[in-house]
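Q: Please take a close look at a single part of this model, the place where a helix of one chain meets a helix of the other. Set that part against the rest of the structure as far as the computed values allow.

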Amino acid sequence: MRTVLRAMARNRGALGGAIFLALVLALAAFAHVLFPQSPWDMAGAPFTPPGQDGFLLGTDSLGRDVAAGIAYGARVSLLIGAVSTLAALAIGVGLGALAGYAGGLIDDALMRVTEFFQTIPSFILAVVLVAIFSPSLASIVGAIAIVSWPPVARVVRAEFRTLRAREFVQAAEVQGRSRASIVCREILPNALPPIVVLASLMVASAILLESALSFLGLGDPNLMSWGFIIGAGRSVIQLAWWVSVFPGIAIFLTVLALNLLGEGLGEALDPRLRQGTRL
Amino acid sequence: MSSSPDLAANVPAPSASLQAGLARSLLGLALRGAARLAKMLAVLLAIAIVNFLLIHLAPGDPATVLAGQSGAADPQFIAQLRHSFGLDRPLLVQLWLYLRHIAMLDLGTSYTQDRPVLGLILDRLPATLLLTGAAFAFALIAGIALGALAARRAGKATDTAVTILALAFYATPIFWVGLMLVLVFSVWLGWLPSFGMETVGAGYRGLDHWLDVGRYLILPALTLGLFYMAVYARLTRAAMVEVAGQDFIRTARAKGLTEGRILRRHILRNALLPVVTFAGIQAGQLIGGSVLVEAVFAWPGIGQLAFNALLARDYPVLLGVFLCTAAMVVVFNLATDLLYRLIDPRMAP
């Protein structure tokens, strides 16, 4: 663990990413302290340019503070990014472990299902899912999880297949330990590094996906999110560029930070990944 | 025109073993083609079943989902739908009836536009194909060029610049890139139009018309293409660096070939294979991205159709678009697979 941390600290990109993420987390945690007023309330004159009347990032067409929207939006983005990644991990690790450990027909069937989910256009499926189940925190998290688990299943399956044949797993089998104990205590801990790397990259793509959904008007109507602010600012871009520019920068920096962190983690955990590309 | 017997006699007869080998490989090809086709049909069937499940899992009455707006549809139409899809019969019968509708290319009727969904989609398909085709071509050419540039100068400033550029586009929401391009090139500079596909009422014909469309195409195609350009640039760079380390490159260098020739004919050609394959698989996903881009630029394709259907909760259209785009992805993957077999003889049966 310590060597991993040290390797991460030497990687400037990963370090910068981690620091920036800590700042976003702090912004999300203290949004109500920094901006006691609800981000939905009119805070000043509509279309106040950035820097005027004490609005650092200006106001939108309804006089809502863009900076407050970004602070509260950070909560939504991080929450949805984290929860939907956890849900996708649960599906992907479960199915991947089953396929890789069981092999044979189960493996074949599960891999066909995985391939199928990788074939269909994921963004349109997410849109259809959220539209049909009506936009809410739960439907958005569910939709993102449903379209993002296949890479996890593939990685976990590959890890399980190689680890299953290793001596220490065979030794555990010979000892007569239960299957659950072998999977959870021998195989899974050794399969963790690639899963951790993948997870950090998945949080990034989940945040992108959530912002795209809420840009299209499929966000939770009760939650202020970055994509929603951009979508609302889109029609007034000629009058007030700042409404769409700043939340976009927030998404960009957060996603970039997560990607840098993920790549740094990958290099620290597995030097062979240094040349690797990801899907 | 009957061939004369002595002419045929001049052609040496292929040996029996060669004939058998040829027959076997042809048979193998046919079998493989049939297997691919069966797999494709299975995927299409699965997509239709997913659609069916979505209609039934949706909160509320499936008939209102099929009709579109819940509550707003007229009761007679709902009753007719209920009968035609057998909604009072067992679920498996319903599935069968639904699949039969799909197999006969009946994707339902849009309640907002009062037209068959298939017709709506086919009307708008050319615009989407133009947009995604242009974006794909741009992404592939620019991505490979940037990747090759970075690989050639691996470790130098150019390499770092390309890597940073790729990382940046990889992290930027596609719809925001579109808005920023509109802000800079339409609002601030006034160089390019910001929405639509042609100048309304200009009545251009022939070449003028296409030049006009081209002006409107630039920003949406760039928006959609930049993200994939970043992906292909990273892939090309990685593949080229890997190929450059292999033995046959050292041989080529030992033969005294120029660096430019080695790069073009030996490294790039071999590195392109994984890039092209991956690009082919991803080409289908471009259609998903085009929903967002078409929504930003009001580009009149199936993406915008889906976006408008979304705003009106016109589910038959939305599900129809999902079905059609998924089918397009499947067909595209098949085409890539066949193309790959042509490019790389090792993959051939």
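A: What follows goes from the helix contact to the nonpolar cores, then to chain B as a whole and to two residues of chain A. The model is predicted.

The contact pairs helix α12 (residues 241-269) of chain A with helix α8 (residues 174-188) of chain B, whose axes come within 10 Å. These axes cross at roughly 145 degrees, and the crossing of α12(A) past α8(B) is left-handed. On the α12(A) side the residues that meet the partner helix are Trp241(A), Ser244(A), Val245(A), Gly248(A) and Ile249(A). Facing them in α8(B) are Trp176(B), Leu179(B), Met180(B), Leu183(B) and Trp188(B). Sorted by class, this contact holds eight nonpolar residues and two polar ones, with no charged residues.

The largest nonpolar core has 150 residues, and the members that touch the most others are Phe123(A), Leu216(A) and Ile47(B). Helix α11 (residues 259-297) of chain B supplies the largest share of this core, 17 residues. Another core lies apart from it and has 22 residues, including Leu89(A), Val93(A), Ala145(A) and Ile182(A). Leaving out residues up to four places away in sequence, Ile47(B) touches Phe116(A) and Ile120(A) in chain A, and Phe322(B), Leu323(B), Ala326(B) and Val330(B) in chain B.

Chain B as a whole has 13 helices and two strands. Buried residues make up 45% of its 349 residues. Its accessible surface is about 18,100 Å², and carbon and sulfur atoms account for 67% of that area. Among contacts in chain B with a separation of 6 or more, 71% join residues 24 or more positions apart.

Two residues of chain A complete the account. Pro151(A) sits in helix α8 (residues 150-164) of chain A. With a relative accessible area of 32%, Pro151(A) falls between the 20% limit for buried and the 50% limit for exposed, so the residue counts as partly exposed. Beyond its neighbours within four places in sequence, Pro151(A) is in contact with Gln118(A) and Leu198(A). Its C-alpha atom is 9.6 Å from that of Met202(A), 51 residues apart along the chain.

Gly13(A) belongs to helix α2 (residues 12-29) of chain A. Gly13(A) is also partly exposed, because its relative accessibility is 25%. Between the C-alpha atoms of Gly13(A) and Ser148(A), 135 residues apart along the chain, the separation is 25 Å.

Note on methods:
Residues are numbered from 1 along each chain as its sequence is written. Chains are lettered from A and ligands numbered from 1 in the order in which they are written. This is a predicted model: local features need pLDDT of at least 70, side-chain atom pairs count only at pLDDT 80 or more; totals for chains, interfaces and linings use all residues. Side-chain values use heavy atoms; hydrogens and water are left out. Helices (H or I, at least four residues) and strands (E, at least two) are DSSP runs, numbered from the N terminus. Buried means under 20% relative accessible area, exposed over 50%, partly exposed in between (1.4 Å probe, protein chains only). Contact means heavy atoms within 4.5 Å. Accessible areas come from the Shrake-Rupley method with a 1.4 Å probe; for residues, only the protein chains shown count as cover. A nonpolar core is a set of buried Ala, Val, Leu, Ile, Met, Phe, Trp, Tyr and Cys residues joined through side-chain atoms within 4.5 Å. Axes are lines fitted to C-alpha atoms, for helices over the stretch in contact, and angles run from 0 to 180 degrees between N-to-C directions. A crossing is left-handed if the near helix is turned anticlockwise from the far one by less than a right angle, and right-handed if clockwise. Ala, Val, Leu, Ile, Met, Phe, Trp, Tyr, Cys and Pro count as nonpolar, Asp, Glu, Lys and Arg as charged, and the others, Gly among them, as polar.
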